[in-house]
Amino acid sequence: MTLVLVALAVFATWSNLAASAAARRVATATDLLESYDRARFDLSQEESLDRKYRMQPTSEISAAHTEVSVDLTATLDHLPAGDRTQRLGLARLQALHKTYTQGFPRVFAAVDAGNSTLAARLDSSITEPALVSLEAAIYADANQQALITAATIHDLRGATRGMLLATPVAFAIGVLVLLVFLRISRNDRRTIETRTNRDALTGLPNRGSFYDRGAQALLGEERNESMTSVLVIDLDRFKEVNDTLGHRFGDQLLCQIGPRISPLLRRTDTLSRLGGDEFAILLPDSGGPKAAHQVARRLISCLREPFMLDTLKFTIDATCGHATSPQDGTDIDALLQHADVAMYVGKAAHSGVVGYDPTLDVNCPARLAILNELPTAIRDGELVLQYQPKRDIRTGRVVGAEALVRWRHPTRGLIAPDDFVPAAEHSGLITPLTTWVIDAALTQCRHWNDGPPRPYGRAGLSVAVNVSARNLLDDNFPVEVREALDRHGVPAALLVLEVTETAIMADPPRAHAILQHLHDLGVRLSIDDFGTGYSSLSYLKLLPVDELKIDKSFVRHMNDEYNDLTIVRSVIDLAHNLGLGTVAEGIEDRITLERLAELGCDVAQGYYLAGPMYADAFDSWILAAVETSLVPTKSGR
Ligand code: C2E
Ligand code: MG
Ligand code: MG
């Protein structure tokens with residue numbers, strides 16, 4: 001664009017300069033032509049006075065002749081001489097005129113003396129030839145100059161015609177450039193508007209735009225006595241898509257949400273991306289919570305259809321919370337917040353769609369309070385550990401205990417880990433929490449393994465600590481663990497770290513490196529809740545882990561659910577094939593314990609054996625425990 005403008009300016013200047021140069025040339029040529037005309041006129045005057053004098057020799061005619069002659073000399077002297085040819089031509093004119101002016105006083109003197117014969121001879125031999133030659137030369141030069149002037153005028157006309165043609169073209173181009181500028185600036189304005197109203201990745205309306213449209217819908221609702229619903233949809237395990245497949249796939253997935261959902265919405269509805277994997281849908285005049293629930297269910301089920309990410313077919317679940325005005329809030333902020341609360345509850349309960357209900361709030365403000373209070377709770381010793389024994393199924397020997405954290409809240413009472421550990425994981429508070437748990441658990445482990453020999457099985461009692469995904473992303477974590485082991489003087493082999501498959505899959509290469517460090521320290525690693533994640537077996541083979549801990553959801557139902565029994569059997573076989581130990585958690589009855597023994601499971605944990613206990617209760621329990629096989633039947637591996 002700038003180039004066009006510069007070209008246009010250069011063209012305009014050039015055509016102006018060309019036209020004014022042509023005009024200057026024309027002016028010079030015309031001046032010259034005038035000089036030649038004057039010279040021709042003077043010469044003809046001179047000649048006629050010359051003849052007159054010979055017929056009527058008066059002093060007036062002689063004076064007039066002299067005057068004209070001086071005039072002609074001046075005219076010839078002032079004729080400009082540019083190039084060499086012109087200079088030679090001019091010198092010739094001046095020489096001829098000189099011959100003539102030097103000749104006629106002698107002719108006039110002969111006339112004055114009455115000697116007409118001498119006068120005629122002088123005339124024919126000197127003045128006449130000089131005059132004829134001068135006349136011919138001036139005429140020739142004047143004609144030449146006339147031709148030059150005509151050509152110059154022609155050039156000027158050409159330049160003017162060019163300008164006349166070029167000016168409208170330049171004007172048109174100028175107008176075009178202006179229009180393009182206007183267009184660009186309008187597009188820029190639109191882009192800026194789009195940027196402020198639209199989400200950059202998906203092109204969907206963004207949060208700000210959602211608020212505007214929501215406010216409009218609520219205003220309209222007051223007039224029409226209708227109801228507006230807000231739906232908040234959050235993709236389940238989206239972080240894992242990003243972490244395991246990469247952000248490119250994550251972005252692709254987010255971009256496909258709009259096209260997938262939009263066809264199921266009305267023209268008046270608004271689908272917006274609030275951020276991350278959270279989408280909000282505004283349903284003006286929704287028809288109430290029941291209708292909103294129906295819409296939400298339709299949306300969630302359509303999201304369950306596989307997505308194509310490059311050539312990969314990918315299925316994902318999503319959770320939706322919804323709130324409807326006026327019952328759940330009369331402004332868009334309240335509706336969004338309540339739909340969000342419902343969505344969180346839906347996520348925790350694994351129920352795809354949840355409508356807001358004020359009782360749900362009981363958990364949510366508490367969730368915020370938890371985040372505020374947790375740092376003080378850690379510092380002020382409000383956290384406490386319970387220990388749940390783990391026994392070797394075949395020998396009955398107590399091999400260790402899992403440390404399970406609780407929060408003794410001064411006003412809320414005992415808070416279960418499920419109610420604050422996930423919040424701590426999201427906020428980063430999990431790092432000081434894990435540090436505290438490891439410290440407390442190792443203190444206890446040291447106590448179990450110290451002192452005089454106890455009835456049985458006390459020596460070598462290990463303690464298992466649960467660690468979260470964040471710990472597996474923290475390069476400093478193995479260093480902290482080693483320092484804690486050193487500080488407490490506990491052999492690394494007595495510490496078991498339980499990590500979930502999902503935690504490993506959050507960033508497999510990094511988790512792998514950290515697990516390797518921990519393994520190198522001699523710490524034992526266990527994969528907790530095994531079977532609930534979706535780690536690939538080939539990947540599992542590469543991990544430096546020591547045992548698989550079968551999730552209680554399979555163990556608890558393995559007697560009634562054939563599928564669960566199959567899973568438990570497969571996990572045990574798989575673990576043994578990979579040279580790993582197996583722990584079954586959530587054993588609640590004897591039959592299950594026996595079944596596990598039959599299947600060759602190594603270690604048992606569950607309420608049937610013992611629930612989680614505070615440290616002193618655990619001490620008493622272990623004193624009473626008898627080392628004997630837990631199951632009467634012979635279990636074979
Ligand atoms: P988990 O690591 O799978 O722990 C086992 C959970 O199952 C414990 O719940 C335990 O009390 C419970 N349980 C044990 N035996 C039975 C049984 O026979 N039946 C049933 N239904 N449940 C049984 P708890 O203590 O509520 O812990 C829940 C989860 O909280 C843990 O699951 C673990 O993921 C997390 N957690 C607990 N303590 C910590 C901790 O210190 N750090 C971290 N990061 N997470 C922790
Ligand atoms: Mg555990
Ligand atoms: Mg578990």
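Colleague: How do β8 and β9 pair, parallel or antiparallel?
Modeller: Antiparallel, over nine bridges. Strand β8 covers residues 383-392, and β9 covers residues 398-409. Keep in mind that this is a predicted model.

Colleague: What sits between β8 and β9?
Modeller: Five residues, and the two strands form a hairpin. Gly396 is in the turn, with a positive phi of about 80°.

Colleague: Which residue is the bridge partner of Leu385?
Modeller: Val405, in β9.

Colleague: Which other strands does β9 bridge to?
Modeller: Strand β11, residues 462-466, is joined to β9 by four bridges, and that pair runs parallel. Strand β10, residues 413-415, is joined to β9 by three bridges, and that pair runs antiparallel.

Colleague: Give me contacts for those. What is the bridge partner of Ala401 in β11?
Modeller: Val463. On the β10 side, Trp407 stands opposite Ile415. β9 and β10 also form a hairpin, with three residues between them.

Colleague: How many residues of β9 are buried?
Modeller: 10 of its 12, so the strand is mostly covered, taking buried as under 20% relative accessible area.

Colleague: Switching topic. Which protein residues hold the magnesium ion (ligand 3)?
Modeller: The donors come from Asp528 (OD), Asp529 (OD) and Glu585, which is listed with OE twice. They lie 2.0 to 2.4 Å from the ion. Along the chain the spacing reads D-D-x55-E.

Colleague: Where do Asp529 and Glu585 sit in the fold?
Modeller: In distant parts of the chain, 56 residues apart. Asp529 is in strand β13, residues 524-530. Glu585 is in the loop between β15 (581-584) and α19 (590-599).

Colleague: Are those two buried or partly exposed, and why do you say so?
Modeller: They fall on either side of the 20% cut-off for buried. Asp529 has a relative accessible area of 22%, so Asp529 is partly exposed. Glu585 has 7%, so Glu585 is buried.

Colleague: What does Asp528 bridge?
Modeller: The magnesium ion (ligand 3) and the magnesium ion (ligand 2), which lie 3.9 Å apart.

Colleague: Last one, helix α15. What span should its 14 residues have?
Modeller: 20 Å, at 1.5 Å a residue. The end C-alpha atoms of α15, residues 508-521, are 20 Å apart, so the two values agree.

Colleague: Which residues of α15 are buried?
Modeller: Pro508, Ala511, His512, Ile514, Leu515 and Leu518.

Colleague: What comes just after α15?
Modeller: Gly522, with a positive phi of about 105°.

Terms used: Residues numbered from 1 in each chain as written. Chains lettered and ligands numbered in written order. Predicted model: local features only at pLDDT ≥ 70, side-chain atom pairs only at ≥ 80, totals over all residues. Heavy atoms only, no water. Donors = N, O, S within 2.8 Å, 3.2 Å for Na, K, Ca; no water. Buried < 20%, exposed > 50% of the residue type's maximum accessible area, 1.4 Å probe, protein only. Pairing = 2+ DSSP bridges. Expected span 1.5 Å × (residues − 1).
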